[in-house]
Amino acid sequence: MMRIFLFLATNVAILVVISIIFNVLGLSGALDAHGVNLNLNALLVMSAVIGMTGSFISLMMSKWSAKNAMGVYVIEQPQNQTERWLVDTVARLARQANIGMPEVGMFQQPEANAFATGWNKNSALVAVSTGLLESMSADEVEAVLGHEISHVSNGDMVTMALMQGVVNTFVYFFATLIGYVVDRAVFKTERGYGPAYYIVQMVAQIALGILASMLVMWFSRYREFRADAGGAHLAGRQKMIGALRALQRTQETATLPGQLAAFGINGDGRLMRLFMSHPPLEERIAALQNNR
């Protein structure tokens with residue numbers, strides 16, 4: 001909860017600072033002089049509500065969404081030795097990380113992958129693919145579980161949701177501002193909103209959203225290095241390196257929907273670097289080898 005409070009406080013502080021800057025620079029007056037009668041403070045507040053609400057709803061529904069999207073089978077009562085080992089290993093790693101016991105699940109997917117999700121580090125879900133269990137040794141699977149437990153312990157799900165909410169806030173704010181200015185100052189719309197407002201606002205949201213996603217993906221890559229280090233601490237450095245090398249050998253990209261892709265152990269390395277949620281595997285291995 002403290003993490004949520006701090007991020008909300010930061011978001012409010014940013015809104016206040018921007019409002020003060022607008023007033024000091026006289027931006028509202030300049031807009032009025034050009035026929036753009038727009039309440040910037042009200043727009044800031046509305047943008048924050050729109051930007052943060054979606055992220056919080058997504059965060060609160062994350063476990064339910066993940067279970068349904070991936071067809072996760074939650075292990076409530078282990079039915080075989082593999083399920084018992086998974087539950088016991090996650091329980092041990094969770095104790096080491098000082099977090100509550102996550103739900104443990106499995107999902108059908110031939111590629112090696114795993115993810116963690118949940119709105120609270122003491123109420124999370126850690127799930128692994130059948131392909132991961134089939135293609136990795138017990139030590140390598142343990143390291144992957146350590147990596148995912150580290151995501152939970154670090155509060156990465158909350159941090160990513162809040163960061164996305166802040167980014168959404170300012171994308172909506174500046175896209176709306178641009179659309180309104182163009183509609184009033186360029187196309188001379190005097191009352192209501194003209195077609196230019198909706199077209200320009202939509203295009204601006206797409207363009208600014210692409211730029212903002214670079215920032216979110218940068219943070220995602222940074223967070224992966226931290227989770228690798230956490231997995232190395234919990235399970236052992238050589239086990240973590242071995243797990244990443246096992247992924248490197250397959251060089252297959254497993255598909256996870258939406259937000260879950262950012263928390264999969266196996267990231268998509270086919271996109272341009274700026275839009276990758278995971279660093280290249282060779283860089284992750286090198287970081288572990290150099291961090292002695």
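**Helices, sheet and side-chain contacts in a predicted model**

Just after helix α9, glycine 236 adopts a positive phi of about 120 degrees. The structure described here is a predicted model, and the values that follow were computed from it. Helix α9 itself covers residues 195-235, and its 41 residues, at 1.5 Å a residue, should span 60 Å; the C-alpha atoms at its ends lie 58 Å apart, which agrees with that expectation.

Aromatic contacts were examined next. Across the whole structure, a search finds nine aromatic pairs. One of them is formed by tyrosine 180 and tyrosine 197, whose rings meet edge-to-face, with 6.3 Å from centre to centre and 85 degrees between the planes. This pair links distant parts of the chain, since tyrosine 180 belongs to helix α8 (residues 156-186) and tyrosine 197 to helix α9, with their positions 17 residues apart in the numbering. Tyrosine 180 and tyrosine 197 are both buried. Ring pairs also join Tyr180, Tyr193, Tyr197 and Tyr198 into a cluster.

The strands of the model form an open sheet of four, in the order β1-β2-β4-β3 and with mixed pairing. Its edge strands are β1 and β3 (114-120), each of which pairs on one side only. Strand β1 (residues 73-74) is joined to β2 by two bridges, and the two strands run antiparallel; here tyrosine 73 stands opposite methionine 106 of β2. Between β2 and strand β4 (residues 123-129) the pairing is parallel and extends over five bridges, and phenylalanine 107 has serine 129 in β4 as its bridge partner. Strands β3 and β4 are likewise joined by five bridges, but run antiparallel, with asparagine 120 facing serine 123 of β4 as its bridge partner. As for cover, strand β2 (residues 103-107) is mostly shielded, four of its five residues being buried.

A contrasting environment is found in a nonpolar patch on the surface, made up of Ile57, Met60, Met61, Trp64 and Trp119, which together have about 530 Å² of accessible area. Of these residues, tryptophan 64 is located in helix α4 (residues 62-70), and it counts as exposed because its relative accessibility is 57%, where the cut-off for exposed is over 50%.

Charged side chains were then considered. In general, side chains of opposite charge can pair when their charged atoms come close. The count for this model comes to eleven salt bridges. In one of them aspartate 88 pairs with arginine 84, the closest N and O atoms being 3.3 Å apart. Both aspartate 88 and arginine 84 lie in helix α5 (residues 81-97), four residues apart, or about one turn of the helix. Such a spacing suits contact along a helix, because an α-helix has 3.6 residues a turn, so residues three or four places apart point the same way. Aspartate 88 is partly exposed, with a relative accessible area of 39%, and arginine 84 also counts as partly exposed, at 39% relative accessibility.

Helix α5 takes part in another salt bridge, in which the side chains of arginine 92 and glutamate 142 meet at 3.0 Å, N to O. This pair links distant parts of the chain, with arginine 92 in helix α5 and glutamate 142 in helix α7 (residues 138-153), 50 residues apart. The partners differ in their surroundings: arginine 92 counts as partly exposed at 33% relative accessibility, whereas glutamate 142, at 8%, counts as buried.

A further salt bridge connects glutamate 224 with arginine 284, with 3.6 Å between the closest N and O atoms. It too links distant parts of the chain, as glutamate 224 lies in helix α9 and arginine 284 in helix α11 (residues 281-290), 60 residues apart. Both glutamate 224 and arginine 284 are buried, and both belong to a network of salt bridges that also links Asp156, Arg223 and Asp228.

Proline 280 is found in the loop between α10 (237-250) and α11. With a relative accessible area of 17%, proline 280 is buried, because the cut-off for buried is under 20%. Its C-alpha atom is separated by 9.2 Å from that of arginine 221, although the two residues are 59 apart along the chain.

Conventions:
Residues numbered from 1 in each chain as written. Predicted model: local features only at pLDDT ≥ 70, side-chain atom pairs only at ≥ 80, totals over all residues. Heavy atoms only, no water. Expected span 1.5 Å × (residues − 1). Phe/Tyr/Trp six-rings, centres within 6.5 Å; stacked < 30°, edge-to-face > 60°. Buried < 20%, exposed > 50% of the residue type's maximum accessible area, 1.4 Å probe, protein only. Patch = residues over 30% accessible without salt bridge, like charges linked within 9 Å, V, L, I, M, F, W, Y side chains within 5 Å. Areas by Shrake-Rupley, 256 points an atom, 1.4 Å probe, with all protein chains shown as cover. Salt bridge = Lys/Arg side-chain N within 4 Å of Asp/Glu carboxyl O. Pairing = 2+ DSSP bridges.
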